[in-house]
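Here is a small set of exercises to work through with the structure open beside you. Try each task before reading its solution.

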Amino acid sequence: MSAPKRQDTRKLFENLSGAGKSIAVLTSGGDAQGMNAAVRAVVRMGIYVGAKVYFIHEGYQGMVDGGENIKEASWESVSSMLQVGGTVIGSARCKAFRGREGRLQAALNLVQKNITNLCVIGGDGSLTGANLFREEWSGLLDELLRKGAISEEAAQSNSVLHIVGMVGSIDNDFCGTDMTIGTDSALHRIIEVVDAIMTTAQSHQRTFVLEVMGRHCGYLALVSALACGADWVFFPEMPPEDGWEDNMCQKLSENRADKKRLNIIIVAEGAIDRHNKHITPDYIKDLVVRNLGFDTRVTILGHVQRGGTPSAFDRILASRMGVEAVLALLEASAGTPACVVSLVGNQAVRLPLMECVQMTQEVQKAMDEKKFEDAVKLRGRSFENNLTTYQILCNRKADSELPHSSFNVAVLNVGAPAAGMNAAVRSAVRVGITEGHKMFAVSDGFEGFYKGQIKEIKWGDVGGWTGQGGSLLGTKRTLPGKHLDKIAEQMRIHNINALLVIGGFEAFESVLQLFEARARFEEFCVPLCMLPATISNNVPGTDLSIGADTSINALVETCDRIKQSASGTKRRVFIIETMGGYCGYLATVGGLAAGADTVYIYEEPFDIRDLQGNVEHLTEKMKTTIQRGLVLRNENCNVNFTTDFIYQLYTEEGRGVFDCRKNILGHMQQGGAPSPFDRNFGTKVAAKAVQWITKTLQESYKGGRVFANSEDSACLLGMRRRAMVFQPVAQLKQETDFEHRIPKEQWWLKLRPLMKILAKYKTSYDVSDSGQLEHVGRFRAKEGDATAAI
């Protein structure tokens, strides 16, 4: 990270200066993990651009009560809140704000502090209230003026109220955004519980019925069912067909007969049947005990799902949205409608608040009218895809019902292990079988391939794989280049008609080598598909890779503990080395989520002056109330400025001001159970990849054999901004720096200025990529299957 520059580098903010403006931030409604990260980002970005920023404690109640509830925030006042769950500034339900008298009092309290920019973090009720407040603003000011409560001058200078919303809700029930703040953390809590329950359920051959939150939205139930491979799921948008009791019992019975030792049933608290009758966990338990005699237990997760530390995803989402919210407030004019900043795919967008609220209300209306298919569509394509994928993976068809394709498809892992690889293999195998293919598993990557370690893999063989870390198939870094003849021979022997390669940079190189060898070996003229799975996230053609989210969570969890240790000892700086090869993704995004002061990466060259500037920056920081420092260094950021060198430099230069410790995290970043995001991401991209393989096989089957030699028959499936895209590996070759094993262009570099601003560095911030106001179209509430969103 560069040292603070001598000259003013705020030129990109010239038209967006916050000087003379006041911004207030409040959290309202139910709390959600990540709200504090959003508050921190709003406060620090607001102060950075020269605005005054205020906390409004206890939500709208604090706005109505005024006084000590509305306090000016300082840079230090949001320190140490990034890793804290809930909301530090408090949230409360407020009856008074629903009445005009309450809103009149709130308006007076804001005018007294000259606050005309409001950032509201909450659910649809909180945001609807904010919009009503904005619409009434001029009328409220007129009334206050008539009553003599405010002066003519105050009414003039505060004549327009700007509102920007961020959605904080663990239910992910707000249309227009792929993920709301808190949803990913709630999924972490659910999956932690499910993983723990599975071990005890397996020991006693039990059935567990788990109730998760979601009174009106089934997102948590559906995604957690997908992420743990639950046997059955109930949620409000898609009630089960009549006669579901017998169908469910039959399914549970079949699974037990298939030697499965446990059953998991997930129920959303708002689950209903087709006649609007509530389906409770106790009703399901009694049904299973009565019909099947299985030992059945009920677990209600309750408020556990709201609690705990926010996940890395929620911290990054909230930090990005907080900065975006300040930009939206600075750019707002008198005619700008109240907007919501949100995430679609991997991109920040701004959407008119009331369009999103109306779409969200339409979902409930469709459910009330029993138009359940419409309700699912209105939730968006991401929700719809989750449902479709779950139905394919968990509803095994009888062999007689399956189409028969006569195609053989092989799946293998290549490169270093990454959490989520097993979820992808399970999904690929089951979708492949559903499409009528014979699926083959290759052990130990291309090394196992040329040695003939290839065997057919059946539906039941991949049961329980979703939550397993590492690679159960086995994976090696061996490239196929030196063994092409033997690999071709094995493809002949087993009559392999398509290949799905799941892995990191080596997997990309492998598919490229097979594609380039097609002229010499006809056996490689088959559909070839690669899924990026690497903790380094260094594969071209995709913004995200399977495994990176789990790794960032492991990194952030460690950083949280280290920061806690540093807070106890005071005046201590920790220097932490991360993995990632030459790619600085892990270090940068981990640094943003952990609240690092400085992050050194290969992509952003630095010299001894920068190191000196960073030490000076930390020295200044030690004079404040925040007496600790966190510095991340990517393992290959600089051949000479090693972790030891940086540690010794900081120790020497900081003598008498702070002391240093160093920590090399190593392979702990590669292990552990996959995060809910990686389980779901791996599951969905693998399903999509196999559907593409089926289509390509059908198109290339001519004269009794498969022959595919075009560029677009050897593809990588990656997430690009808002969409999942199949890209020919031959074209991606041009976008790749093979020497350093990274893409030439990397989207996450745009997050670095944001990270520096939040660490109090002066830097230029490119606002040209900030969200533009868009509109929400019907049946497009959550765009694309581009699930940066799960």
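**Exercise 1. A salt bridge between strands**

Does Arg633 count as buried or exposed, and at what relative accessibility? Find its salt-bridge partner as well, and place both residues in their strands.

*Solution.* Keep in mind that this is a predicted model.

Step 1: Buried means under 20% relative accessible area. Arg633 has 3% relative accessibility, so it counts as buried.

Step 2: The side chain of Arg633 meets that of Glu577 in a salt bridge, at 3.5 Å from N to O. Arg633 belongs to strand β20 (residues 628-634) and Glu577 to strand β18 (residues 572-578), so this pair ties together parts that are 56 residues apart in sequence.

Step 3: Apply the cut-off to the partner. Glu577, at 15% relative accessibility, counts as buried.

**Exercise 2. A bridge within a helix and a bridge between helices**

Work out where the partners of the Glu192 and Glu136 salt bridges sit.

*Solution.* Step 1: Glu192 forms a salt bridge with Arg189, and their closest N and O atoms are 3.4 Å apart. Both residues are in helix α6 (residues 183-204), three residues apart, which separates them by about one helical turn. Glu192 is partly exposed at 45% relative accessibility, whereas Arg189 is buried at 10%.

Step 2: Glu136 and Arg100 also meet through their side chains in a salt bridge, at 4.0 Å from N to O. Here Glu136 lies in helix α4 (residues 124-146) and Arg100 in helix α3 (residues 100-112), so the bridge ties together parts 36 residues apart in sequence. Glu136 is buried, with a relative accessible area of 16%, and Arg100 is partly exposed, with 35%.

Step 3: Widen the view. A network of salt bridges links Arg100, Arg103, Glu136, Glu143 and Lys147. The model's salt bridges come to 37.

**Exercise 3. Two packed helices**

Describe how helices α12 and α13 pack, and name the residues that make the contact.

*Solution.* Step 1: Helix α12 (residues 372-379) packs against helix α13 (residues 381-394) at an angle of about 120°, and their axes are 5 Å apart. The two helices are therefore oblique to each other.

Step 2: α12 contributes Val376, Lys377 and Arg379 to the contact, while α13 contributes Phe383, Glu384 and Leu387.

Step 3: Sort the contact residues of α12 and α13 by type: three are nonpolar, three are charged and none is polar.

**Exercise 4. The neighbours of strand β24**

Which strands pair with β24, and in what sense?

*Solution.* Step 1: Strand β17 (residues 528-532) pairs with β24 in the parallel sense over three bridges. Cys529 stands opposite Cys715 in β24.

Step 2: Strand β25 (residues 723-728) pairs with β24 in the antiparallel sense over six bridges. Pro728 in β25 stands opposite Cys715.

Step 3: Look at the turn. β24 and β25 form a hairpin with two residues between them, and Arg721 in the turn has a positive phi of about 50°.

Step 4: Six of the seven residues of β24 (residues 714-720) are buried, so the strand is largely enclosed by the rest of the structure.

**Exercise 5. An enclosed helix**

How many residues of helix α24 are buried, and what do they pack against?

*Solution.* Step 1: Eight of the eight residues of α24 (residues 751-758) are buried, so the helix is largely enclosed by the rest of the structure. Among them are Arg752 and Lys756.

Step 2: The buried residues of α24 pack against α1 (35-48), α10 (312-331), α19 (585-594) and β19 (598-600).

Step 3: α24 is followed by Lys760, whose phi is positive, near 75°.

Technical notes. Residues are numbered from 1 along each chain as its sequence is written. This is a predicted model: local features need pLDDT of at least 70, side-chain atom pairs count only at pLDDT 80 or more; totals for chains, interfaces and linings use all residues. Side-chain values use heavy atoms; hydrogens and water are left out. Buried means under 20% relative accessible area, exposed over 50%, partly exposed in between (1.4 Å probe, protein chains only). Helices (H or I, at least four residues) and strands (E, at least two) are DSSP runs, numbered from the N terminus. Contact means heavy atoms within 4.5 Å. Axes are lines fitted to C-alpha atoms, for helices over the stretch in contact, and angles run from 0 to 180 degrees between N-to-C directions. Angles under 35 degrees count as roughly parallel, over 145 as roughly antiparallel, 65 to 115 as roughly perpendicular and the rest as oblique. Ala, Val, Leu, Ile, Met, Phe, Trp, Tyr, Cys and Pro count as nonpolar, Asp, Glu, Lys and Arg as charged, and the others, Gly among them, as polar. Two strands pair if DSSP finds at least two bridges between them.
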